[in-house]
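This briefing looks at how strands are arranged in one chain and at where two chains touch. Please keep the sequence and the structure in view while reading.

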Amino acid sequence: MSFLGFPRPNGEVGIRNHIGIISTVICANDVSLRIAQQVEGAVAFLHDQGCCQTPIDLNQVTKTLVNLGKNPNLAGVLLVSLGCESVLIEEIREKIATSGKPVKILGIQKIGGMLPAIAEGCRITQEMVIQASAIRRETFDDSHLSIGVKCGASDTTSGLISNPAAGAAFDLIIDHGGTCVFGETTEFLGAEHILMRRAVNLQIAQKIEKIVTRMEKRAELMGVDMRGGQPTTGNIKGGLTTIEEKSLGAIVKAGTRPIKDVYEYGDRITEKGLFVMDSPGREPEFLTGIAATGVQLIIFSTGIGAPQGFPFVPVLKISGNPQTQRCLADHIDKIVQLPEKGTDSLAQAGQDIFEEIKAIASGKKTKAEVLGYGQFSNIFTVGPVI
Amino acid sequence: MIKRKIIIINPKDNVATALTDLKAGEVLQEEIDGVKKEIKLNQDIPFGHKLGTKEIPAGSPVIKYGEVIGTASMAIQVGDYVHVHNVKSNRGRGDIKGGAL
(Lines give C-alpha, C1' and ligand atoms only; values in the text may rest on other atoms or scores of the structure.)
Protein backbone atom coordinates (compact mmCIF):
# COMPACT_ATOMS: atom_id res chain seq x y z
CA MET A 1 0.00 0.00 0.00
CA SER A 2 1.55 3.26 -1.06
CA PHE A 3 1.16 6.63 -2.73
CA LEU A 4 3.18 8.81 -5.11
CA GLY A 5 4.67 11.89 -3.48
CA PHE A 6 7.40 14.49 -3.96
CA PRO A 7 10.62 13.81 -1.99
CA ARG A 8 11.92 16.83 -0.06
CA PRO A 9 15.57 17.52 0.91
CA ASN A 10 14.85 16.92 4.64
CA GLY A 11 13.32 13.50 4.01
CA GLU A 12 9.72 14.64 4.19
CA VAL A 13 7.19 13.94 1.45
CA GLY A 14 4.96 16.47 -0.28
CA ILE A 15 1.81 15.60 -2.22
CA ARG A 16 1.84 18.90 -4.13
CA ASN A 17 4.78 20.76 -5.61
CA HIS A 18 3.78 24.42 -5.31
CA ILE A 19 5.89 27.52 -4.81
CA GLY A 20 4.38 29.37 -1.83
CA ILE A 21 4.07 33.16 -2.05
CA ILE A 22 3.74 33.97 1.65
CA SER A 23 2.88 37.47 2.89
CA THR A 24 4.74 38.29 6.10
CA VAL A 25 2.20 41.01 6.88
CA ILE A 26 -1.32 42.00 5.77
CA CYS A 27 0.12 45.00 3.90
CA ALA A 28 1.90 42.68 1.43
CA ASN A 29 -1.22 40.73 0.40
CA ASP A 30 -1.94 42.71 -2.77
CA VAL A 31 1.52 41.99 -4.16
CA SER A 32 1.51 38.32 -3.13
CA LEU A 33 -1.86 37.79 -4.80
CA ARG A 34 -0.73 39.37 -8.11
CA ILE A 35 2.42 37.21 -8.26
CA ALA A 36 0.46 34.03 -7.58
CA GLN A 37 -2.12 34.98 -10.22
CA GLN A 38 0.61 35.54 -12.81
CA VAL A 39 2.89 32.55 -12.25
CA GLU A 40 1.49 29.08 -12.84
CA GLY A 41 2.59 26.72 -10.09
CA ALA A 42 2.61 29.45 -7.45
CA VAL A 43 0.03 29.80 -4.67
CA ALA A 44 -0.42 32.74 -2.29
CA PHE A 45 -0.88 32.56 1.46
CA LEU A 46 -2.64 35.76 2.55
CA HIS A 47 -3.56 36.77 6.10
CA ASP A 48 -4.44 39.78 8.27
CA GLN A 49 -1.57 39.73 10.78
CA GLY A 50 2.12 40.59 11.19
CA CYS A 51 2.13 44.08 12.72
CA CYS A 52 0.69 46.21 15.55
CA GLN A 53 0.11 43.25 17.84
CA THR A 54 1.47 42.27 21.25
CA PRO A 55 4.65 40.13 21.22
CA ILE A 56 2.58 37.05 22.16
CA ASP A 57 0.73 37.30 18.87
CA LEU A 58 3.79 38.40 16.87
CA ASN A 59 5.58 35.27 18.05
CA GLN A 60 2.57 33.13 17.14
CA VAL A 61 2.40 34.72 13.66
CA THR A 62 6.17 34.28 13.14
CA LYS A 63 6.06 30.63 14.21
CA THR A 64 3.02 29.93 12.04
CA LEU A 65 4.59 31.54 8.95
CA VAL A 66 7.80 29.54 9.49
CA ASN A 67 5.92 26.27 9.80
CA LEU A 68 3.65 27.02 6.84
CA GLY A 69 6.81 27.61 4.80
CA LYS A 70 8.18 24.25 5.94
CA ASN A 71 5.05 22.36 4.84
CA PRO A 72 6.28 19.62 2.47
CA ASN A 73 3.68 20.54 -0.19
CA LEU A 74 5.79 23.64 -0.92
CA ALA A 75 8.91 23.11 -3.07
CA GLY A 76 10.06 26.68 -2.52
CA VAL A 77 8.94 29.88 -0.79
CA LEU A 78 8.92 33.58 -1.65
CA LEU A 79 8.30 35.75 1.43
CA VAL A 80 6.63 39.01 0.44
CA SER A 81 7.31 41.73 2.99
CA LEU A 82 6.33 45.38 3.18
CA GLY A 83 9.52 46.12 5.14
CA CYS A 84 8.42 47.91 8.31
CA GLU A 85 6.31 45.12 9.87
CA SER A 86 6.93 43.80 13.37
CA VAL A 87 7.56 40.15 12.50
CA LEU A 88 11.23 39.39 11.89
CA ILE A 89 11.45 38.57 8.19
CA GLU A 90 15.05 37.35 8.06
CA GLU A 91 14.38 35.01 11.00
CA ILE A 92 11.40 33.54 9.13
CA ARG A 93 13.52 33.02 6.02
CA GLU A 94 16.37 31.34 7.92
CA LYS A 95 14.06 28.98 9.77
CA ILE A 96 12.17 27.88 6.66
CA ALA A 97 15.49 27.38 4.86
CA THR A 98 16.55 24.76 7.43
CA SER A 99 14.15 22.41 5.62
CA GLY A 100 16.49 22.60 2.62
CA LYS A 101 14.07 24.28 0.21
CA PRO A 102 14.85 27.59 -1.56
CA VAL A 103 13.48 30.65 0.29
CA LYS A 104 13.73 34.25 -0.90
CA ILE A 105 12.55 37.61 0.46
CA LEU A 106 10.90 40.33 -1.61
CA GLY A 107 10.65 43.75 0.13
CA ILE A 108 8.04 46.11 -1.31
CA GLN A 109 9.43 49.31 0.27
CA LYS A 110 13.02 48.38 -0.57
CA ILE A 111 12.38 47.60 -4.24
CA GLY A 112 10.36 50.75 -4.90
CA GLY A 113 6.69 49.86 -4.55
CA MET A 114 4.10 47.52 -5.97
CA LEU A 115 4.99 47.46 -9.67
CA PRO A 116 8.69 46.57 -9.44
CA ALA A 117 7.83 44.18 -6.57
CA ILE A 118 5.37 42.27 -8.74
CA ALA A 119 7.83 42.13 -11.65
CA GLU A 120 10.75 40.95 -9.53
CA GLY A 121 8.51 38.58 -7.55
CA CYS A 122 7.28 36.98 -10.77
CA ARG A 123 10.86 36.51 -12.01
CA ILE A 124 12.00 34.89 -8.76
CA THR A 125 8.94 32.65 -8.66
CA GLN A 126 9.22 31.70 -12.34
CA GLU A 127 12.72 30.37 -11.72
CA MET A 128 11.60 28.49 -8.59
CA VAL A 129 8.70 26.87 -10.48
CA ILE A 130 11.01 25.73 -13.28
CA GLN A 131 13.43 24.20 -10.74
CA ALA A 132 10.59 22.51 -8.84
CA SER A 133 9.03 21.12 -12.00
CA ALA A 134 12.05 18.83 -12.40
CA ILE A 135 11.21 17.01 -9.13
CA ARG A 136 9.47 13.68 -9.89
CA ARG A 137 6.91 11.83 -7.80
CA GLU A 138 8.20 8.66 -6.14
CA THR A 139 6.54 5.77 -4.32
CA PHE A 140 6.24 6.11 -0.54
CA ASP A 141 4.56 3.79 1.92
CA ASP A 142 1.48 4.96 3.82
CA SER A 143 3.44 5.73 6.98
CA HIS A 144 4.54 8.93 5.20
CA LEU A 145 0.97 10.23 5.22
CA SER A 146 0.27 13.15 7.55
CA ILE A 147 -3.41 14.08 7.53
CA GLY A 148 -5.54 16.68 9.31
CA VAL A 149 -9.27 16.69 9.92
CA LYS A 150 -11.83 19.47 10.28
CA CYS A 151 -15.58 19.68 10.49
CA GLY A 152 -17.30 22.84 9.34
CA ALA A 153 -20.78 24.12 8.63
CA SER A 154 -21.83 21.19 10.79
CA ASP A 155 -25.33 19.91 11.30
CA THR A 156 -26.58 16.76 13.00
CA THR A 157 -25.54 14.62 10.02
CA SER A 158 -21.91 15.55 10.80
CA GLY A 159 -21.91 13.76 14.15
CA LEU A 160 -24.00 10.88 12.82
CA ILE A 161 -22.41 10.14 9.46
CA SER A 162 -19.48 12.13 8.04
CA ASN A 163 -17.51 12.65 11.25
CA PRO A 164 -17.51 8.94 12.25
CA ALA A 165 -16.55 8.09 8.64
CA ALA A 166 -13.60 10.54 8.85
CA GLY A 167 -12.71 8.97 12.20
CA ALA A 168 -12.65 5.50 10.66
CA ALA A 169 -10.21 6.82 8.02
CA PHE A 170 -8.07 8.39 10.76
CA ASP A 171 -7.85 5.03 12.54
CA LEU A 172 -6.63 3.39 9.30
CA ILE A 173 -3.93 6.06 8.78
CA ILE A 174 -2.68 5.62 12.36
CA ASP A 175 -2.71 1.82 11.95
CA HIS A 176 -0.55 2.24 8.81
CA GLY A 177 2.02 4.22 10.80
CA GLY A 178 1.02 7.70 9.66
CA THR A 179 0.29 10.96 11.45
CA CYS A 180 -3.13 12.46 12.14
CA VAL A 181 -3.91 15.86 13.64
CA PHE A 182 -7.17 17.32 14.86
CA GLY A 183 -8.13 20.41 16.86
CA GLU A 184 -10.98 22.92 17.14
CA THR A 185 -10.66 23.12 20.92
CA THR A 186 -13.96 25.03 21.25
CA GLU A 187 -15.62 21.87 19.98
CA PHE A 188 -14.15 19.82 22.83
CA LEU A 189 -16.39 21.66 25.35
CA GLY A 190 -18.68 19.05 26.86
CA ALA A 191 -16.74 16.16 25.31
CA GLU A 192 -13.30 16.74 26.83
CA HIS A 193 -13.76 13.90 29.36
CA ILE A 194 -13.95 11.42 26.47
CA LEU A 195 -10.78 12.78 24.83
CA MET A 196 -8.96 12.84 28.19
CA ARG A 197 -9.66 9.12 28.60
CA ARG A 198 -7.94 8.56 25.25
CA ALA A 199 -4.75 10.43 26.20
CA VAL A 200 -1.64 8.21 26.45
CA ASN A 201 -1.00 9.39 30.02
CA LEU A 202 -2.25 11.71 32.76
CA GLN A 203 0.02 14.57 31.67
CA ILE A 204 -1.46 14.62 28.17
CA ALA A 205 -5.00 14.34 29.62
CA GLN A 206 -4.24 17.41 31.73
CA LYS A 207 -2.98 19.26 28.65
CA ILE A 208 -6.32 18.57 26.95
CA GLU A 209 -8.17 19.88 29.99
CA LYS A 210 -5.95 22.98 30.07
CA ILE A 211 -6.57 24.04 26.46
CA VAL A 212 -10.33 23.48 26.84
CA THR A 213 -10.49 25.62 30.01
CA ARG A 214 -8.39 28.32 28.33
CA MET A 215 -10.63 28.42 25.25
CA GLU A 216 -13.83 28.46 27.33
CA LYS A 217 -12.49 31.30 29.52
CA ARG A 218 -11.63 33.29 26.40
CA ALA A 219 -15.26 33.05 25.24
CA GLU A 220 -16.62 33.80 28.72
CA LEU A 221 -14.53 37.01 28.94
CA MET A 222 -17.15 38.63 26.72
CA GLY A 223 -19.82 38.17 29.40
CA VAL A 224 -22.38 36.51 27.14
CA ASP A 225 -23.74 33.05 26.36
CA MET A 226 -21.58 32.01 23.41
CA ARG A 227 -24.47 30.17 21.71
CA GLY A 228 -25.03 31.72 18.30
CA GLY A 229 -21.24 32.09 17.95
CA GLN A 230 -20.68 28.43 18.93
CA PRO A 231 -22.74 26.58 17.91
CA THR A 232 -23.15 28.95 14.95
CA THR A 233 -26.48 30.17 13.62
CA GLY A 234 -26.08 27.66 10.78
CA ASN A 235 -25.32 24.81 13.20
CA ILE A 236 -28.53 25.65 15.12
CA LYS A 237 -30.52 25.74 11.88
CA GLY A 238 -29.03 22.31 11.14
CA GLY A 239 -30.41 20.92 14.41
CA LEU A 240 -27.46 21.36 16.80
CA THR A 241 -28.78 22.80 20.06
CA THR A 242 -25.71 23.31 22.29
CA ILE A 243 -21.91 23.36 22.07
CA GLU A 244 -21.93 20.09 24.03
CA GLU A 245 -24.01 18.40 21.33
CA LYS A 246 -21.77 19.85 18.61
CA SER A 247 -18.63 18.73 20.47
CA LEU A 248 -19.82 15.18 21.08
CA GLY A 249 -20.49 14.85 17.37
CA ALA A 250 -17.27 16.66 16.41
CA ILE A 251 -14.72 14.61 18.34
CA VAL A 252 -15.62 11.36 16.57
CA LYS A 253 -13.94 12.73 13.42
CA ALA A 254 -10.60 12.01 15.14
CA GLY A 255 -11.28 8.27 15.37
CA THR A 256 -10.56 6.08 18.36
CA ARG A 257 -6.77 5.74 18.67
CA PRO A 258 -4.73 7.04 21.66
CA ILE A 259 -3.90 10.77 21.73
CA LYS A 260 -0.11 11.05 21.97
CA ASP A 261 0.31 14.77 22.63
CA VAL A 262 -1.21 18.26 22.51
CA TYR A 263 0.48 21.05 20.52
CA GLU A 264 0.00 24.80 20.55
CA TYR A 265 -1.45 26.62 17.52
CA GLY A 266 1.08 26.95 14.71
CA ASP A 267 3.45 24.27 16.07
CA ARG A 268 5.05 21.79 13.72
CA ILE A 269 4.44 18.07 14.35
CA THR A 270 7.06 15.59 13.18
CA GLU A 271 6.13 12.51 15.24
CA LYS A 272 3.90 9.64 14.10
CA GLY A 273 0.51 8.99 15.69
CA LEU A 274 -2.57 11.00 16.68
CA PHE A 275 -2.19 14.56 17.97
CA VAL A 276 -4.26 17.56 19.07
CA MET A 277 -3.47 21.11 17.95
CA ASP A 278 -5.07 23.81 20.12
CA SER A 279 -7.14 25.92 17.73
CA PRO A 280 -10.47 27.66 17.22
CA GLY A 281 -13.14 26.16 14.98
CA ARG A 282 -13.36 28.93 12.37
CA GLU A 283 -12.08 27.82 8.98
CA PRO A 284 -9.54 30.53 7.95
CA GLU A 285 -7.61 30.24 11.23
CA PHE A 286 -8.01 26.50 11.71
CA LEU A 287 -6.91 25.46 8.21
CA THR A 288 -3.79 27.66 8.51
CA GLY A 289 -2.90 26.17 11.89
CA ILE A 290 -3.27 22.60 10.74
CA ALA A 291 -1.31 23.32 7.54
CA ALA A 292 1.47 24.65 9.78
CA THR A 293 1.68 21.31 11.62
CA GLY A 294 2.93 19.88 8.32
CA VAL A 295 -0.09 17.83 7.20
CA GLN A 296 -0.23 17.14 3.47
CA LEU A 297 -4.03 16.84 3.22
CA ILE A 298 -7.08 17.79 5.28
CA ILE A 299 -10.28 15.76 5.50
CA PHE A 300 -13.14 18.24 5.86
CA SER A 301 -16.45 16.85 7.04
CA THR A 302 -19.41 19.16 6.40
CA GLY A 303 -23.14 19.04 7.03
CA ILE A 304 -24.69 22.17 5.57
CA GLY A 305 -21.81 22.62 3.12
CA ALA A 306 -18.56 24.54 3.72
CA PRO A 307 -16.89 25.08 0.34
CA GLN A 308 -13.40 26.39 1.18
CA GLY A 309 -10.07 24.71 0.69
CA PHE A 310 -6.55 25.90 1.50
CA PRO A 311 -3.95 27.35 -0.89
CA PHE A 312 -1.41 24.53 -0.75
CA VAL A 313 -2.95 21.70 1.26
CA PRO A 314 -5.69 19.78 -0.60
CA VAL A 315 -8.96 19.68 1.34
CA LEU A 316 -11.12 16.59 0.83
CA LYS A 317 -14.77 17.49 1.40
CA ILE A 318 -17.08 14.78 2.67
CA SER A 319 -20.76 15.10 3.60
CA GLY A 320 -23.49 12.84 4.92
CA ASN A 321 -26.32 15.35 4.34
CA PRO A 322 -28.33 14.26 1.25
CA GLN A 323 -29.50 17.82 0.55
CA THR A 324 -25.93 19.18 0.64
CA GLN A 325 -24.80 16.33 -1.58
CA ARG A 326 -27.37 17.49 -4.18
CA CYS A 327 -27.20 21.27 -3.83
CA LEU A 328 -23.45 21.64 -3.29
CA ALA A 329 -22.25 18.84 -5.58
CA ASP A 330 -19.62 21.25 -7.00
CA HIS A 331 -17.94 21.33 -3.59
CA ILE A 332 -18.39 17.86 -2.08
CA ASP A 333 -15.69 15.40 -3.14
CA LYS A 334 -17.13 12.34 -1.42
CA ILE A 335 -20.59 11.52 -0.15
CA VAL A 336 -21.12 9.28 2.85
CA GLN A 337 -24.38 7.42 3.48
CA LEU A 338 -25.81 6.42 6.83
CA PRO A 339 -25.82 2.62 6.68
CA GLU A 340 -29.04 0.86 7.68
CA LYS A 341 -27.38 -0.71 10.71
CA GLY A 342 -26.25 2.67 12.05
CA THR A 343 -22.99 4.39 12.84
CA ASP A 344 -21.14 1.16 13.67
CA SER A 345 -21.18 0.25 10.00
CA LEU A 346 -19.17 3.24 8.80
CA ALA A 347 -15.96 1.17 8.54
CA GLN A 348 -16.42 0.78 4.77
CA ALA A 349 -16.87 4.55 4.42
CA GLY A 350 -13.59 4.98 6.33
CA GLN A 351 -11.84 2.59 3.93
CA ASP A 352 -13.24 4.51 0.93
CA ILE A 353 -11.99 7.82 2.36
CA PHE A 354 -8.56 6.26 3.02
CA GLU A 355 -8.36 5.16 -0.65
CA GLU A 356 -9.46 8.63 -1.79
CA ILE A 357 -6.76 10.22 0.39
CA LYS A 358 -4.11 8.12 -1.35
CA ALA A 359 -5.50 9.02 -4.78
CA ILE A 360 -5.39 12.73 -3.91
CA ALA A 361 -1.95 12.31 -2.36
CA SER A 362 -0.79 10.82 -5.68
CA GLY A 363 -2.04 13.79 -7.69
CA LYS A 364 -5.85 13.57 -8.11
CA LYS A 365 -7.30 17.06 -7.56
CA THR A 366 -10.00 18.06 -5.10
CA LYS A 367 -12.96 20.22 -6.14
CA ALA A 368 -11.74 23.16 -4.02
CA GLU A 369 -8.32 22.96 -5.72
CA VAL A 370 -9.83 23.01 -9.22
CA LEU A 371 -12.18 25.90 -8.40
CA GLY A 372 -9.50 27.83 -6.52
CA TYR A 373 -11.84 28.19 -3.54
CA GLY A 374 -9.67 29.00 -0.52
CA GLN A 375 -7.61 32.09 -1.33
CA PHE A 376 -8.41 33.89 1.92
CA SER A 377 -6.88 32.55 5.11
CA ASN A 378 -5.90 33.96 8.45
CA ILE A 379 -3.71 33.24 11.48
CA PHE A 380 -5.26 32.74 14.94
CA THR A 381 -4.26 35.43 17.43
CA VAL A 382 -5.38 35.90 21.03
CA GLY A 383 -4.70 39.55 21.81
CA PRO A 384 -5.85 42.91 20.48
CA VAL A 385 -4.76 44.78 17.38
CA ILE A 386 -2.92 47.77 18.90
CA MET B 1 -36.78 -1.82 2.94
CA ILE B 2 -38.47 0.72 5.24
CA LYS B 3 -36.32 3.81 5.72
CA ARG B 4 -35.82 4.72 9.37
CA LYS B 5 -37.49 7.96 10.36
CA ILE B 6 -35.55 8.62 13.58
CA ILE B 7 -32.36 7.40 15.21
CA ILE B 8 -31.64 6.96 18.91
CA ILE B 9 -27.85 6.88 19.07
CA ASN B 10 -27.35 5.49 22.58
CA PRO B 11 -29.81 3.58 24.81
CA LYS B 12 -29.23 6.18 27.57
CA ASP B 13 -30.50 8.98 25.30
CA ASN B 14 -33.73 10.83 26.07
CA VAL B 15 -33.85 12.42 22.60
CA ALA B 16 -33.85 11.04 19.05
CA THR B 17 -32.76 12.65 15.76
CA ALA B 18 -35.16 12.91 12.80
CA LEU B 19 -33.79 11.30 9.63
CA THR B 20 -36.50 12.95 7.53
CA ASP B 21 -38.95 15.88 7.95
CA LEU B 22 -41.64 14.74 10.41
CA LYS B 23 -45.10 16.23 10.91
CA ALA B 24 -47.03 16.99 14.11
CA GLY B 25 -49.52 14.22 14.88
CA GLU B 26 -47.38 11.54 13.20
CA VAL B 27 -47.03 8.37 15.33
CA LEU B 28 -43.69 6.56 15.39
CA GLN B 29 -43.03 3.03 16.66
CA GLU B 30 -39.74 2.85 18.56
CA GLU B 31 -38.13 0.52 21.06
CA ILE B 32 -37.20 2.49 24.18
CA ASP B 33 -35.57 0.82 27.21
CA GLY B 34 -36.37 -2.56 25.60
CA VAL B 35 -40.09 -1.84 25.27
CA LYS B 36 -41.88 -1.09 21.98
CA LYS B 37 -43.49 2.31 22.37
CA GLU B 38 -45.53 4.74 20.31
CA ILE B 39 -44.28 8.32 20.06
CA LYS B 40 -46.89 10.83 18.89
CA LEU B 41 -45.22 14.02 17.65
CA ASN B 42 -46.48 17.19 19.32
CA GLN B 43 -44.84 19.51 16.80
CA ASP B 44 -43.19 19.31 13.35
CA ILE B 45 -39.59 18.04 13.58
CA PRO B 46 -37.33 19.14 10.68
CA PHE B 47 -34.72 16.74 9.24
CA GLY B 48 -31.72 16.46 11.57
CA HIS B 49 -33.52 18.04 14.53
CA LYS B 50 -34.45 16.32 17.80
CA LEU B 51 -37.54 15.03 19.57
CA GLY B 52 -38.05 13.87 23.14
CA THR B 53 -38.23 10.08 23.57
CA LYS B 54 -38.49 10.15 27.38
CA GLU B 55 -40.05 12.67 29.72
CA ILE B 56 -37.44 15.28 30.77
CA PRO B 57 -38.36 17.50 33.76
CA ALA B 58 -37.23 21.14 33.69
CA GLY B 59 -33.67 21.41 35.03
CA SER B 60 -32.80 17.82 34.08
CA PRO B 61 -30.04 16.75 31.70
CA VAL B 62 -30.80 16.22 28.02
CA ILE B 63 -28.88 13.17 26.80
CA LYS B 64 -27.65 12.31 23.29
CA TYR B 65 -24.69 10.05 22.37
CA GLY B 66 -25.17 8.74 25.94
CA GLU B 67 -23.76 12.07 27.19
CA VAL B 68 -25.20 15.31 28.58
CA ILE B 69 -25.78 17.87 25.80
CA GLY B 70 -27.46 20.48 28.01
CA THR B 71 -30.21 21.13 30.53
CA ALA B 72 -33.96 21.26 29.88
CA SER B 73 -35.06 24.88 30.42
CA MET B 74 -38.70 23.70 30.63
CA ALA B 75 -40.40 20.32 30.93
CA ILE B 76 -40.05 18.22 27.77
CA GLN B 77 -42.71 15.59 26.96
CA VAL B 78 -42.31 12.51 24.78
CA GLY B 79 -42.84 13.66 21.17
CA ASP B 80 -41.88 17.29 21.83
CA TYR B 81 -39.58 19.20 19.48
CA VAL B 82 -36.28 19.60 21.39
CA HIS B 83 -34.03 22.54 20.48
CA VAL B 84 -32.78 25.94 21.67
CA HIS B 85 -36.25 26.95 22.93
CA ASN B 86 -36.29 24.24 25.63
CA VAL B 87 -32.61 23.28 26.10
CA LYS B 88 -29.85 25.51 27.46
CA SER B 89 -26.13 24.89 27.24
CA ASN B 90 -24.06 24.35 30.38
CA ARG B 91 -20.84 25.57 28.76
CA GLY B 92 -19.38 28.83 27.47
CA ARG B 93 -21.82 30.75 29.67
CA GLY B 94 -20.15 34.14 30.12
CA ASP B 95 -23.64 35.52 30.85
CA ILE B 96 -23.72 33.49 34.08
CA LYS B 97 -20.03 33.64 35.01
CA GLY B 98 -19.66 37.35 34.19
CA GLY B 99 -17.27 38.86 31.67
CA ALA B 100 -14.03 40.78 32.11
CA LEU B 101 -14.52 43.72 29.77
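Two strands are said to pair if DSSP finds at least two bridges between them. With that in mind, the predicted model can be read strand by strand in chain B, and then at the contact between chains A and B.

**The open sheet of chain B**
- An open sheet of 4 strands in chain B follows the order β1-β2-β5-β8, and its pairing is antiparallel.
- The edge strands, each of which pairs on one side only, are β1 (6-7) and β8 (81-82) of chain B.
- Within this sheet, β2 (residues 15-18) and β5 (residues 50-52) of chain B pair in the antiparallel sense over 3 bridges, and Val15(B) stands opposite Gly52(B) in β5(B).
- Strands of a sheet pair through backbone hydrogen bonds, either parallel or antiparallel.

**The hairpin of chain B**
- Strand β6 (residues 61-64) of chain B is joined by 4 bridges to the antiparallel strand β7 (residues 67-72) of chain B, and Lys64(B) has Glu67(B) in β7(B) as its bridge partner.
- These two strands, β6(B) and β7(B), form a hairpin with 2 residues between them, and in the turn Tyr65(B) has a positive phi of about 60 degrees.
- In a regular strand the side chains alternate between the two faces of the sheet.
- In β6(B), Val62(B) and Lys64(B) make up the covered face, whereas Pro61(B) and Ile63(B) make up the uncovered one.

**The contact between chains A and B**
- The contact takes 27 residues from chain A and 26 residues from chain B.
- On the side of chain A that touches chain B, the elements giving two or more residues are α6 (156-175), α8 (202-220) and α10 (243-250) of chain A, and α10(A) gives the most, with 4 residues.
- That side of chain A divides into 10 nonpolar, 10 polar and 7 charged residues.

Notes:
Residues numbered from 1 in each chain as written. Chains lettered and ligands numbered in written order. Predicted model: local features only at pLDDT ≥ 70, side-chain atom pairs only at ≥ 80, totals over all residues. Buried ≥ 20, exposed ≤ 12 C-beta atoms within 10 Å, placed from the backbone. Contact = placed C-beta atoms within 7 Å. Nonpolar A, V, L, I, M, F, W, Y, C, P; charged D, E, K, R; others polar.
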